[in-house]
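Me: Could you take a close look at a single part of this one and walk me through what sits against what? I'd like it in plain bench language, please.

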Amino acid sequence: MKKIVVLGLVGATLAGVVRADKMDEMWGESTVKLRAENAERGELFDEGNYAMFIHWGLYSQLANKVDGKTYYGIGEWIMDPKMAGIPAEEYKKLAGTFNPTDFNAKAIVQLAKDAGMKYIVITAKHHEGFAMYHSKACKFNIVEATPWKIDPMKELSAACREAGLGFGFYYSHSQDWTFPGGRKGPTVDENGKPATFDDYFYKKCLPQVEELCTEYGPIELIWFDTPGGMEKSYVQQLVDVVRKNQPRALVSGRAGHNLGDYQTLGDMEVPHHNVEGMWESVDTTNDSWAYAWYDQNWKTPKEILRRLIACVGRGGTYMLNVGPNQDGLVPPRAARALREAGDWIHRYPQVVYGTEASPWQHALPWGDVTVKGNHLFLSVFDWPASGKLYLPGLKTGIESAQLLDGESSAPIRHSVVEGWTVFELPPRSPEKMVSVVEVKLAGTPDVDPTFGVDPNLGTAILAEFAAVEGAEIFRDRWMEKFGEWVLVNPVGHWTPGGKAVLEVDVPFAGDYGTSLTYAGEGRLVWGIDVVGGEHIQNQQNASHNYQEFPIGWINFPAPGKYRLAISCLEGAIETAKLKSIRISPLN
């Protein structure tokens with residue numbers, strides 16, 4: 001896999017928000033491990049592939065509204081100056097009215113189980129510093145500081161054990177905005193004396209992690225977050241506490257200093273390439289992690305499945321967040337989407353659990369692939385109207401193929417055309433959201449991962465898969481709203497003569513339409529060459545955001561593999577950022 005050069009934020013940002021390169025630094029260095037060090041530790045993570053994240057705290061009571069004003073963005077950062085800028089002492093007063101009497105641990109665990117999730121990770125302490133459990137180390141906690149006086153973590157851990165789910169804690173180990181000495185917290189103590197990070201770490205952080213690891217039964221993992229600026233010796237002490245008290249637990253990659261057990265990608269990041277080692281993507285059911293009163297932009301069940309299977313297909317785990325409201329209830333639309341996606345997972349568990357990454361190393365135009373032994377599971381999101389499903393690059397022989405329908409199945413015919421496997425499918429999909437074709441191979445999958453130009457749908461290929469000359473692939477990350485991260489890996493920093501070259505496999509000769517998705521300034525002239533063949537070019541407008549523009553028709557004179565070279569030829573080429581090319585049959 002090619003290395004993607006990290007050049008920081010190039011796309012548009014909101015005024016005053018954290019730069020993407022600074023956010024990457026705060027999230028911590030990536031940690032890549034090939035597998036858990038023994039078969040027991042991290043088994044649910046490694047084999048379950050799907051988990052529930054829960055963000056719940058005092059911020060849930062505000063729901064992104066302070067003094068009648070709505071703040072748009074991730075609710076757990078409502079204290080931050082870039083949101084409502086609430087002083088620590090004012091914020092702490094919220095505990096006096098936090099009374100989530102509708103919280104039901106068994107109902108939340110049942111939701112996770114219905115959704116097909118294998119473990120739950122919940123915010124024991126977020127950056128605000130409020131402990132959502134009964135902490136002896138600090139009285140700013142849900143039992144001593146609120147009228148509710150209940151420890152929901154006791155109830156949730158017990159409910160998970162009873163239901164057979166794993167359980168773990170999120171803990172913000174560096175940032176603490178209300179305790180003296182914590183990062184971004186008060187700089188003096190209650191007596192006006194200067195406070196250091198040691199004050200915070202030894203009086204609160206280390207004792208609280210010890211509490212979480214000793215008072216709540218078996219822990220699946222401890223999910224540390226935002227270690228930026230934290231010295232390695234502090235992180236090592238925390239990891240040692242976890243290892244001593246919970247030897248079977250994993251430590252998240254965001255512990256920092258490469259001391260975690262696995263890699264955690266950036267917030268809301270679902271990768272397009274296969275990723276080596278143990279890793280997870282953390283995502284949320286809408287735009288905010290914590291409950292926000294206005295946020296009704298829910299992911300549909302189909303989108304949840306698409307992102308889950310993309311993560312599993314790239315070799316990782318998907319942890320999807322819900323944000324209970326001030327009463328302790330998961331929003332009903334989020335619950336409904338999770339359950340509908342879960343109904344599908346319960347019908348097709350073999351697609352998600354204990355599977356391996358796709359040998360194609362990327363998604364396919366109609367869906368994605370997961371693998372178990374010599375079985376391929378083709379998850380078809382876009383049913384082909386032609387009745388033919390095209391699979392490029394498969395070299396291993398097929399013993400059988402069947403279309404699944406829950407517990408039943410029907411054999412389907414297949415043939416090979418120009419090196420492509422073609423499956424004959426019925427006119428209608430048996431599933432509303434995603435249908436599954438199971439392919440039994442004669443041996444271990446052997447695949448040519450070259451992008452195929454699908455005869456039904458065409459193919460969109462991301463520029464991050466290109467080989468580049470006179471340009472660079474970089475990380476273009478920005479926030480749509482505060483904390484709502486978007487990541488594109490475009491080709492940019494073009495120089496005259498620069499090009500991005502992609503290889504494609506074309507099953508049928510003829511003319512094909514092309515379009516490019518890009519951002520930039522002014523009018524840009526783009527060229528596309530079939531290397532050794534036709535050249536086309538066109539001028540189109542550009543925008544600060546990524547938009548798709550048609551370029552023209554190109555010809556592939558015979559079936560086979562071709563190299564396409566894309567160049568930015570004229571205009572403000574230094575501003576141009578190429579996201580993808582789409583190649584479409586002229587139906």
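Reply: One cut-off before we dig in: a residue is called buried when its relative accessible area is under 20%, and exposed when that figure is over 50%, with partly exposed in between. Also keep in mind that this is a predicted model.

I'd pick helix 10 as the part to stare at. By the cut-off above, its buried residues are Ala334, Ala335, Ala337, Leu338, Ala341, Gly342, Trp344 and Ile345. A quick ruler check on the helix works out too: at 1.5 Å a residue, its 16 residues should span 22 Å, and the C-alpha atoms at its ends are 23 Å apart, so the two figures agree.

So what does helix 10 pack on? Start with helix 9. Helix 9 covers residues 301-313 and helix 10 covers residues 332-347, and their axes come within 8 Å, crossing at roughly 55°. That angle is why the pair counts as oblique, and the crossing is right-handed. On the helix 9 side, the residues in contact are Pro301, Ile304, Leu305, Leu308 and Ile309; from helix 10 they meet Ala337, Leu338, Glu340, Ala341, Trp344 and Ile345. Sorted by class, that contact has 10 nonpolar residues, no polar ones and one charged one.

Helix 9 itself is mostly covered, with 10 of its 13 residues buried. Those are Pro301, Ile304, Leu305, Arg307, Leu308, Ile309, Ala310, Cys311, Val312 and Gly313. Its length checks out as well: 13 residues at 1.5 Å each should span 18 Å, and the end C-alpha atoms are 18 Å apart, which agrees. After helix 9 comes glycine 315, with a positive phi near 100°.

Now turn to the other neighbour, helix 5. Helix 5 packs on helix 10 at an angle of about 45°, with the axes 6 Å apart. That makes helix 5 oblique to helix 10. Here Leu111, Lys113, Asp114 and Ala115 of helix 5 meet Ala335, Leu338, Arg339, Gly342, Asp343, Ile345 and His346 of helix 10. By class you get five nonpolar, two polar and four charged residues in this contact. If you're following along on screen, look for Leu338 and Ile345: both are in the contact with helix 9, and both turn up again in the contact with helix 5.

Helix 5 has another partner, helix 6. Helix 5 (residues 105-115) and helix 6 (residues 152-163) pack at an angle of about 45°, and their axes are 9 Å apart. This makes helix 5 oblique to helix 6, in a right-handed crossing. From helix 5 the contacts come from Ala105, Lys106, Ile108, Val109 and Lys113, and they meet Glu155, Leu156, Ala159, Cys160, Glu162 and Ala163 in helix 6. The class tally for this contact is seven nonpolar, no polar and four charged residues. Lys113 is the one to click on here: it is in the contact with helix 6 and also in the contact with helix 10.

Away from the helices, a few strand and loop residues are worth a click for contrast. Leucine 502 sits in strand 26 (residues 499-506). At 6% relative accessibility it counts as buried. Beyond its neighbours up to four places away in sequence, leucine 502 touches Ile461, Leu462, Phe465, Ala466, Tyr562, Arg563, Leu564, Ile566 and Ile581. Take alanine 466 from that set: it is 36 residues from leucine 502 along the chain, but their C-alpha atoms are separated by 5.0 Å.

Valine 417, in strand 16 (residues 414-417), is partly exposed, with a relative accessible area of 31%. Leaving out neighbours within four places in sequence, valine 417 is in contact with Val422 and Phe508. Glutamate 418 lies in the loop between strand 16 and strand 17. It isn't a glycine, yet its phi is positive, near 50°. With a relative accessible area of 51%, glutamate 418 is exposed.

Asparagine 258 is another non-glycine with a positive phi, about 60°. You'll find it in the loop between strand 7 and strand 8, and at 39% relative accessibility it counts as partly exposed.

Key:
Residues are numbered from 1 along each chain as its sequence is written. This is a predicted model: local features need pLDDT of at least 70, side-chain atom pairs count only at pLDDT 80 or more; totals for chains, interfaces and linings use all residues. Side-chain values use heavy atoms; hydrogens and water are left out. Helices (H or I, at least four residues) and strands (E, at least two) are DSSP runs, numbered from the N terminus. Buried means under 20% relative accessible area, exposed over 50%, partly exposed in between (1.4 Å probe, protein chains only). Contact means heavy atoms within 4.5 Å. Axes are lines fitted to C-alpha atoms, for helices over the stretch in contact, and angles run from 0 to 180 degrees between N-to-C directions. Angles under 35 degrees count as roughly parallel, over 145 as roughly antiparallel, 65 to 115 as roughly perpendicular and the rest as oblique. A crossing is left-handed if the near helix is turned anticlockwise from the far one by less than a right angle, and right-handed if clockwise. Ala, Val, Leu, Ile, Met, Phe, Trp, Tyr, Cys and Pro count as nonpolar, Asp, Glu, Lys and Arg as charged, and the others, Gly among them, as polar. The expected span of a helix is 1.5 Å times one less than its number of residues.
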